Structure formats: structure tokens, C-alpha cells
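Dear colleague,

I am handing over the structure below, and after it I set out what was found, beginning with one residue and its surroundings. Please read the notes with the structure open beside you.

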Amino acid sequence: MQKHKYVIFVTLFFIFFLIGCENNEPTPEEKAQVRAIGDQASDVLLRKLKSRLISAVQKSGPAGAINECKLDAIKLTHEATNNSKVPVAVKRVTNKYRNPINAPDEWDKKALTFFENKEGVRDYFPEFYVQKIQQDEAIHFRYYKPLKMYQMCLKCHGNKIKEDVRVRLNELYPNDLATGYAKGDFRGAIRVDIAKEYLQ
Ligand code: HEC
């Protein structure tokens with residue numbers, strides 16, 4: 001009996017200890033500031049990626065556009081990082097990645113799960129998600145903007161991909177996870193990383 005009590009005590013101690021460590025909820029003020037910066041940086045990237053994609057598909061067809069998009073997506077993501085008024089780091093993350101550099105880390109996975117759990121909930125899909133992260137002595141925030149699939153995305157990410165597009169994708173991305181989507185599916189997120197010292 002005594003031993004049982006001891007085990008329960010130790011278990012509860014660890015649970016509270018872990019909860020204490022996880023106590024990293026951003027305050028409403030922090031959330032609002034991070035959101036303003038994140039919205040701005042992610043919108044710029046999103047607009048550029050979309051218009052680049054549309055003109056490349058119109059000019060070269062989806063198979064030809066793959067080459068251009070491959071180079072441009074990385075370049076535009078770096079530009080979004082460099083052009084923001086506040087210093088940020090912008091990245092795209094998804095569980096079903098085509099390009100392995102867009103694979104999620106542990107924090108990203110938590111954010112992606114947050115959105116995935118909201119899929120299929122009628123009339124409500126969150127517009128953003130914010131995390132506060134303490135690493136060693138430094139605190140930083142991560143803003144996530146969810147991405148959904150449009151009809152035009154399915155040319156290269158859907159389940160009826162044309163033969164020439166499929167061949168090209170197989171050559172470039174033999175371990176591609178980013179197909180089989182339908183219109184409206186949650187695809188991943190644009191992540192904007194901001195250090196705490198850049199909040200006012
Ligand atoms: C012409 C083909 C093509 C079309 C159309 C297309 N994509 Fe992609 N997509 C790619 C390729 C190639 C990559 C991998 C290169 C990269 O962007 O890093 C990619 C990568 C991505 C990524 C980065 C994550 C990963 O899997 O590596 C996201 C997010 C994404 N696409 C979303 C979209 C959305 C949303 C649309 C529609 C607005 C779209 N794509 C339309 C070809 C396409």
C-alpha cells in the first residue's frame with residue numbers, strides 16, 4: 001500500500017513538472033503581434049507563388065512548369081524572409097512533402113496536427129496558429145498559415161495526374177508524398193519564425 005502511494009506521488013510530481021515546462025502559451029498581445037507580422041510575410045509569399053505558378057503553367061504546361069517552380073519556390077521563400085519589415089524566417093512545412101527540405105520538425109508536427117484535427121469540421125477552419133517556443137535561453141514564436149488545395153493545384157498534387165507530369169515528378173522526387181489530394185484538402189502551412197526581441 002505504502003509503495004503504491006509512493007508511485008502515485010512520483011507520477012503526479014512528473015505530470016505537474018511536465019505541465020509546468022509546457023506552460024508556453026503566447027499571451028493574447030503576443031498572439032496579435034505575431035499574427036500581424038506572420039500574415040504580412042505569408043501573404044506576400046503566397047501571392048508570389050500563386051502568380052508564378054499560374055504563369056508558368058500557362059506558358060509551359062504543368063510538366064514544363066515543374067522545373068521553374070522547383071527553383072522559384074525556394075528563391076521566393078528566401079525573398080519572403082529577406083523582404084519582411086521585421087526579421088523573420090519563412091518556410092513551407094507539410095507532413096506529405098514532395099521536397100524533403102519542407103519536412104516538419106517536432107514543433108511543426110504539432111501545428112500541422114492542430115489543423116488536421118479541424119479538417120471536416122463544418123463552417124470553421126482556423127486562419128492561423130501561433131506557438132511560443134523556449135529553446136535554451138531564447139524565446140521565439142512561430143506563426144502558421146494553413147494552405148488548402150485549389151482545383152489548379154491538382155494538376156501536380158491530385159490523383160489523376162497526366163502521364164508526362166507524373167514521369168517528371170518521379171524523376172525529380174522519387175519519394176514524393178504530395179499526391180492524391182482533392183480540392184479543399186488541407187495541404188500544409190507557411191511558417192513564419194520570429195524572435196521575441198522583435199515584438200514591441
Ligand atoms: C506545375 C505543378 C505544380 C502545381 C500546379 C502546384 N504545385 Fe505544389 N509543388 C510542385 C513541386 C514541383 C513542388 C516541390 C518543389 C518546391 O516547391 O519546393 C511543390 C511543392 C509544394 C509545397 C511545398 C511542400 C512540399 O510538398 O514539398 C506546397 C505547400 C505546395 N506545393 C502547394 C501547392 C498548392 C497549394 C498549389 C495550388 C495553388 C500547388 N502546390 C500547385 C508542383 C506543383
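Leaving aside its neighbours within four places in sequence, Lys145 is in contact with Asp39, Ser42, Asp43, Leu46, Glu127, Gly188, Ala189 and Ile190. Please keep in mind that this is a predicted model.

Lys145 itself belongs to strand β3, which covers residues 138-148, and with a relative accessible area of 18% the residue counts as buried, because the cut-off for that word is under 20%. Among the residues in contact with Lys145 is Asp43, and the side chains of these two residues are also joined by a polar contact of 3.3 Å.

Strand β3 appears again in the surroundings of helix α3, since what covers the buried residues of α3 includes β3 together with β1 (89-93), β2 (129-135) and β4 (186-195). In this helix, which consists of residues 106-116, Asp108, Ala111, Leu112 and Phe115 are buried. Seen down the axis of α3, the buried residues fall within an arc of 100°, so they line one face of the helix. As general background, an α-helix has 3.6 residues a turn, so residues three or four places apart point the same way. At the N-terminal end of α3, Asp105 acts as a cap, with a side-chain oxygen placed 3.0 Å from the backbone nitrogen of Trp107.

Finally, there is the ligand: the iron atom has His157 as its only protein donor, through NE2 at 2.2 Å, and His157 lies in helix α4, residues 154-157.

With best wishes

Definitions and conventions:
Residues numbered from 1 in each chain as written. Predicted model: local features only at pLDDT ≥ 70, side-chain atom pairs only at ≥ 80, totals over all residues. Heavy atoms only, no water. Helix = DSSP H or I, 4+ residues; strand = E, 2+ residues; numbered from the N terminus. Buried < 20%, exposed > 50% of the residue type's maximum accessible area, 1.4 Å probe, protein only. Polar contact = N/O pair within 3.5 Å; in protein donor to acceptor, adjacent residues only side chain to side chain. Contact = heavy atoms within 4.5 Å. Arc of directions from axis to C-beta. Donors = N, O, S within 2.8 Å, 3.2 Å for Na, K, Ca; no water.
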